[in-house]
Amino acid sequence: MKVFALLSPTIRNSSTRRLFSVTPHRDTNIAIVGGGAAGFYTAARLLSKTTDTTIDIFEQLPTPHGLVRYGVAPDHPEVKNCMTKFDQVSSNPRVRYFGNVRVGGTLTLDTLRSMYSGVVLSYGASADRQLGIPGEELVVPARRFVAWYNGLPEAQGLDIDLRRVDRVVIIGHGNVALDCARILLTDPSDLASTDITAQALSALRESNVKHVEMVGRRGPLQVAFTTKELREMTKIPHLRILCDRDLVASECEKWASFVDSSRSLKRMMDLLMSHAGKDGGEKSFTLSFLKSPVEVTERGVRFQVNRLDGPVDQAKAVGTGEYIDTPSGLVLRSVGYATTPIAGAPFDERRRIVPNIAGRVTHNGDVVPGLYAAGWAKRGPVGVIATTMQDAYRTGDAIIMDITNGHLRSGLPRDSVDEGLRESGVLESCVTNEQWKHLEAFEVEAGRRVGKPREKVTSVDRMLDIIGV
Amino acid sequence: MLRALPGTPGLLRTCTRIAMLSSRAFTACRTPVATHQRKVQHQQRQPLWPVQHAHRFSSSALLSKDVTVTFIEPDGNEIQATGEEGTNLMELAHENDVDLEGACEGACACSTCHVILEDKVFDSLPEPTDEENDMLDLAFALTDTSRLGCQVLLSSDMEGMRIKLPSATRNFYVDGAKPAHH
């Protein structure tokens, strides 16, 4: 457990003052660290269930919305409709957005905790789980590939040449892996009217990728992706879907009652069996099971074949000592994201989350007053937007309970908060909601001219230029 | 506690429905709708078409019948709601401040408008599409008579139907809770 010094009630900076109010509803202000779905849904909950609480959202990028902007696939625009609600939140007079502010830089968590009644950690999971094998440096993280085609500024330097790649191997059996496979195998002209970046679209148009193999270490009944995404693969015209049908059939038979008891698994296996092996065109998508990568080289990946051990819902992959070499021009790993610690807050190194009970951050089992967590920082990097929404609402409810019960002290009045933010160097370079909307209008107009919902600006410098910061 | 809320005026509902049917065709090019601030304390419901546009449509004789149903929130609170035939249950809930989400705004791309219908109503409806079933797979507390509210349209033979909202809470506070898919 990282060493964590509990913030004492005394103020470090003599020019700020602290009010300990006994009236729970007055002067409650909340700082939210991380302006993605978790942060916005927590704010939405606070707005709907309080009357006076003000909220300041801090986000390290100029642009808000986190993975809704940079993670959701370009061909899933309806999933991004949740941004409408986020807009309602940011345009509420009780909410202020501070983009281009990294908490943990010149603005510290300790400073926030000294100025606000409560602070919510909703900064997500910015790191990547590794394979831990030789040649890892040759492997491209799927999240980087996704971030690249979605326009995340720091991912724009991705150095891959799809013209020289015929076969891609993706390690991982989750929805992110499927997103990558789909983007690689979809006809680029079907992506031209999405918000995929111009650079990615052009690279995909010139791509020579014909085959994508998605490899998992366990079997068909242990896949982590969902039926919707698999169905989308079956709808790509002329794409051949391949897998070991005998393995799928025998697993389904062996564990028939388990499959039958799970509606989602049963539907997925039915879908897979009804499409796998059908005729098609040149391009193929292969779902491979029971293989763990042991080494990556310029030529491709060496896998060890696995067998499964244990009950079907806790099956473990065990190496058999048999190896398979798979040639590949590009290897992506999609084995999960990882949350990282933030200075000034506790962190559970084993579970890799901010330790908490129902959203209240804990340290060695004791609740840390005024510190909360929401989203992936709280639960780990799993779950769709709907999951994060419910999770954020639970954190919001915990905050509201604490406000109502008088457990949260008053924060500083707004002008004192601004003084503190100014001293931390935040105000001179932050992006306000208005400025973000101006940037967004620019993107939408640029997109309109080429038939896309938006043409994303892909460099922070350019964003700040357009905004005039 | 039974509370009867007046439904949105019929004209606005008609206009909202017309606007929504056309706005659905442009879902792929959706841009964030311009918001206007409302001083309401409960969850803000944004119609799929900005309210001010509704006034451009002239009133017309409403040929669709009004249907009255009851929503039952997870805490037992009952809300009576009246809507026109053809309104989907998610919109109807939103128009009547029922505590039902709709993250993807009716695009069948999430599971947050999940509702539980009475057996006979469920059985009388056409089968959900594969797309709806794919989303229902992910819904929490799924039942045999669950549907996505945005995919079920009011019809006159649903008069008096009771719609249950599933309990939304998962055991998030329990350490080691089983991870969901993403």
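**Helix 16**

I looked up which residues of helix 16 of chain A are buried in this predicted model. They are A:Asn433, A:Trp436, A:Leu439, A:Glu440, A:Glu443, A:Ala446 and A:Gly447. I then checked how they sit around the axis: they cover an arc of only 140 degrees, which puts them on the same side of helix 16 of chain A. The spacing fits the general rule: an α-helix has 3.6 residues a turn, so residues three or four places apart point the same way. On the other side of the helix I found A:Glu434 and A:Arg448 exposed.

What do the buried residues pack against? I list helix 2 (67-70), helix 3 (83-90), strand 3 (95-98) and helix 17 (460-467) of chain A.

I also checked the length of helix 16 (residues 433-448) of chain A. Its 16 residues should span 22 Å at 1.5 Å a residue, and the end C-alpha atoms are 22 Å apart, so the two agree.

**Strand 10**

Next I took strand 10 (residues 284-288) of chain A, where five of five residues are buried. A:Ser284, A:Thr286 and A:Ser288 lie on one side, A:Phe285 and A:Leu287 on the other. Side chains in a regular strand alternate between the two faces of the sheet.

I traced its partners. Strand 8 (residues 211-215) of chain A pairs with strand 10 in the parallel sense over five bridges. Strand 9 (residues 240-243) of chain A also pairs with strand 10 in the parallel sense, over four bridges. A:Leu287 has A:Met214 opposite, and A:Cys243 stands opposite A:Leu287 too.

**Confidence**

Chain A averages a pLDDT of 94. Over residues 1-25 of chain A I noted a pLDDT below 50.

Methods. Residues are numbered from 1 along each chain as its sequence is written. Chains are lettered from A and ligands numbered from 1 in the order in which they are written. This is a predicted model: local features need pLDDT of at least 70, side-chain atom pairs count only at pLDDT 80 or more; totals for chains, interfaces and linings use all residues. Side-chain values use heavy atoms; hydrogens and water are left out. pLDDT is the predictor's confidence in each residue, from 0 to 100. Contact means heavy atoms within 4.5 Å. Helices (H or I, at least four residues) and strands (E, at least two) are DSSP runs, numbered from the N terminus. The expected span of a helix is 1.5 Å times one less than its number of residues. Buried means under 20% relative accessible area, exposed over 50%, partly exposed in between (1.4 Å probe, protein chains only). The arc is that of the directions from the helix axis to the C-beta atoms. Two strands pair if DSSP finds at least two bridges between them.
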